[in-house]
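Thanks for asking me to look this one over. Below are my notes as numbered points, to be read with the model open beside you.

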Amino acid sequence: MDMKKISLSIIFSLAIIFPMFGQTVSGRVVDGETKQPIEGVMICLVRGQSTVGYTLTNGQGHYSLSWKHAGKLQLTASLLGYRKEIRDVSSASSVNISMTKEPYSLKEVSIRPSRVYKQKDTIRYDLSQYASSKDTYIKDVLKKLPGVDVDENGQVKYQGKAIDHYLVEGMDLTGGRYNQINNNLTAKSVKTAEIMENYQPVKALDGKIASDQVALNLKLDPEARDQWIVNGTLGGGISHGNEDSLLGDGESENSQKGLWEASLSGFQLGKKQQTIYGYKTNNHGLDLTSEQQMMTNANGQTTAPDLKGFLSQTSISAPIDKQRILFNQVHTANANRMYRWNDNQSLRLQAGYTHDQIRQQRQNTQSYFREEGAVEVSESYNYRLRKDAANLELTYEDNSSSYYLTNRFTADGEINKGTSPELKQVIGTSEAKLANYFNLLRNNDKASRTLTSIVRYAYQPAYLSLEGERQNVYQQNLFTDNSASYLKKHNGFTQKYKAGIQGEWAMAKVYSSGAFDASNLRVYFAPYFQFERDNLLASLSVPANFDHYFTLHRSLVFLDPLYSIRYQFDYRWKVAASASWKHSSGELTDLYPSPHQTDYRTWTTNNRLFPRNNRQNYSLYAEYKNTLQEFFATASVSYSRVKANTLFEQSVSENVIVYSLKEYANCTNTKSINLNLSKGVFDWHLKASLEIQASLNQGIQLTKSASNGESTAQNYRYDNLLAQPKLIWSPQNLFEAEYNASISYGRSKIGSGIHLTPLLNVTHRLNLSFGITQNVDLRISGEYYRNQLAENATTNNFFADASLVFKKGKWRAEASLTNLFDKKEYAYTSYSANQSYTSHLGIRPREAMAKLSYQF
């Protein structure tokens, strides 16, 4: 046979064989009744009794199997709760399958489609199995999911840990301000919620370096995807009673005040582009500022450190539903637009603005315990806070498996003015920030190389006005961090070496004192090692740092090692342990040498000392989940030890409190235990959860004697136990009950013989919803607070609300009454170090509201 015939024979053979390896059996699987795609269906190719290939359908119901077989095979599709489908195939082709729901019994056990199931690192929840007609927004459904919780401020947690990313159809439209989605996206618009564990947001690092981040991804109902969804609400009402009754100098008891609420929001959420526009306003205590709040952390990326000012505003907080104590007039608006040109490239634009005016009445009593006796300081005042805040962000990202580029530009500003007429005090705080975050990563076959650059400028003017005399503070900060890193992985072992330079220009001029400069430079080298083999993951990081403070003529060299190990026994069990050491030095506000006043009675002085801290953290963690049983559990034990070379000495008199920094070696210890349990019960449409936290805190407080001026070191210990059970029960569409409680016990010991009264505080909340007819719901809620104030003093408060909701098509009308018993006051006590703090706050009076909503 000549060479020409041999060549033709080879070419002919390859022409037959190669297409066989490139061909597939593919198709789409849908529900026979709804015609919607089904995810997670097992698709198998079977020859006789042997399975020769298998796969699972994706979120769009699609599947694909390579075809390299001869003869006739059987293609099977199976999923619990559906009838098994079988098709004969003899060649590569397209086979679409329609499946029929079919609950069946096996020894009197009913098998139905699962509400929650796990595939690799992704847990999927079928929201149609959790949602009810009483759920308005997506947050109302998320809190029903086993293993998932939604805090009062809207933060989403999975197994007790705050999520790192909030995505819709794989896109991060809000950049971490996800309450704009939580509080506005209708529940019926979302089909599936996915929790993605070990989420790696950078595709180029996937498989090279392990991640412990958690992402939530919402998959929309096909009818809602790419469609404009516009919601509008308009409401008004009357507030009865006296808002200033706590101080006894307000209006008459029969005064009335008009209430309002209005909102307009528009959504267009798809896979290629997404948009949110929104405006909201109200004056009946509903806090809207969280919609402009960043709810996620830095997602593992390098960021600029937080800035601290010399002056601060009074916190509007208490252990009670915030709407009951918040007298506000708030307006907030946001605009978000995101484009995704392909699977890799995206552009996000964001802008937001909030105007908020808050009023609050308080009576505070602070007791400072010393060996020579306690000093009690009291104050009563009306507090007025006006806040204007704006944010702007522009983010470009190119995220492929070989190349990663992101650049994020942000501009933020806010102006705050807090006024207390009774104290003759006005505090103004402002901030303007410009920042740019750049990250470039390139992959090749052997290694990854990264360049990172951060630049931020901040200007923070502030002032303190006492009895009309104004004192100004000027603070500026320019921060930059530039680094390069090299990463390589071989045989499960990852090496990463990062080197960089940080520079900070920090300047302050406080009142009449001269300008102070705390500029510093850091040079660092951070080797990181990670070993991954089967179910074991271990990592070690040993950053080496050199810090130099120019004006202070200080230089420091230190290591900040971090070690962690994780073992995954199977998909249910996981355990982990970690240890870290972190050194830190004082910020500009800590290093400022001159005495300065922070409010009408408090002074602070640094005494030209240089504070340094060394924090050690150790933790153990265990996790269990069984998606079939809808059971999730986590447990952790941690220990923290902070060593410091300085400590503030506290000097208290009736009118003046002085904190003076002293050179005094000291140590603070914190031990804590956390337990989270969450269980869903399919048959009962029930979710039950329990969170338990226990902590023990020990430290030292320096106090200055009023009689001889000597300083005394007092040891203190504060223990706290907190249990929070929750229950959500939806046995049928016409009834729903939600119960949660908080039971806390705290005790404090100061010095050798001062034992403060143990505080036992109990809170119960119950919300009931009854479907009177198909279109009308009656909702009743009650809250009970039992707070221990002192040894023989407790308060018992019961609040009740009621509302009537009418729903018809795209219309929704609601009439509500809040604080039915017209409670006037709320009080609580808390402990810290050598202090007890008791506060009495005014409560919003009885109020009536009516609202009308429409979805365009």
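**Notes on the charged pairs, strands and surface**

1. Let's begin with Glu814, which counts as buried because its relative accessibility is 17%, and the cut-off for buried is under 20%. Keep in mind throughout that this is a predicted model.

2. What does Glu814 pair with? One partner is Arg812, in a salt bridge whose closest N and O atoms are 3.2 Å apart. Glu814 and Arg812 are both buried. Another partner is Lys851, where the side chains meet in a salt bridge at 3.9 Å, N to O. That second pair links distant parts of the chain, with Glu814 in strand S49 and Lys851 in strand S52 (residues 847-855), 37 residues apart. Lys851 itself is partly exposed, at a relative accessible area of 24%.

3. Now Arg812, which sits in strand S49 (residues 811-818). Its relative accessible area is 18%, so Arg812 is buried. Besides the salt bridge, the 3.2 Å approach of the Arg812 and Glu814 side chains is listed as a polar contact. If you leave out residues up to four places away in sequence, Arg812 touches Thr136, Arg779, Val805, Phe806, Lys807, Lys851, Leu852 and Ser853. So Lys851 turns up in two roles, because Arg812 touches Lys851 and Glu814 forms a salt bridge with Lys851, a salt bridge being a nitrogen-oxygen pair within 4 Å.

4. How many salt bridges does the structure hold? The count is 41. One worth a look is Glu169 with Arg225, at 3.1 Å from N to O. Glu169 lies in the loop between strand S15 (165-168) and helix H3 (179-182), while Arg225 lies in the loop between strand S17 (213-220) and strand S18 (228-240), so the pair ties together parts that are 56 residues apart in sequence. Is Glu169 buried or exposed? Glu169 is buried, with a relative accessible area of 8%.

5. On to the strands around S35. Strand S32 (residues 536-541) and strand S35 (residues 562-568) run antiparallel and are joined by six bridges. Within that pairing, Ala538 stands opposite Ile565 in S35. S35 also runs antiparallel to strand S36 (residues 573-585), here with seven bridges. Ser564 has Ser578 as its bridge partner in S36. S35 and S36 make a hairpin, with four residues between them.

6. There is also an open sheet of three strands, in the order S12-S13-S14, with antiparallel pairing. Which strands stand at the edges? They are S12 (148-150) and S14 (161-162), each with a single partner strand, so one side of each has no neighbour in the sheet. Strand S13 (residues 156-158) pairs with S14 over two bridges. Tyr158 has Lys161 as its bridge partner in S14.

7. Last, the surface. Which residues make up the nonpolar surface patch of about 490 Å²? They are Val455, Tyr457, Tyr459, Tyr474, Leu478 and Trp505. Strand S26 (447-459) and strand S28 (469-490) are the elements that give two or more residues to the patch, and S26 gives the most, with three. Trp505 is placed in strand S29 (residues 493-510). Trp505 is partly exposed, at a relative accessible area of 33%, so it passes the patch cut-off of over 30%.

Definitions and conventions. Residues numbered from 1 in each chain as written. Predicted model: local features only at pLDDT ≥ 70, side-chain atom pairs only at ≥ 80, totals over all residues. Heavy atoms only, no water. Pairing = 2+ DSSP bridges. Patch = residues over 30% accessible without salt bridge, like charges linked within 9 Å, V, L, I, M, F, W, Y side chains within 5 Å. Areas by Shrake-Rupley, 256 points an atom, 1.4 Å probe, with all protein chains shown as cover. Buried < 20%, exposed > 50% of the residue type's maximum accessible area, 1.4 Å probe, protein only. Polar contact = N/O pair within 3.5 Å; in protein donor to acceptor, adjacent residues only side chain to side chain. Contact = heavy atoms within 4.5 Å.
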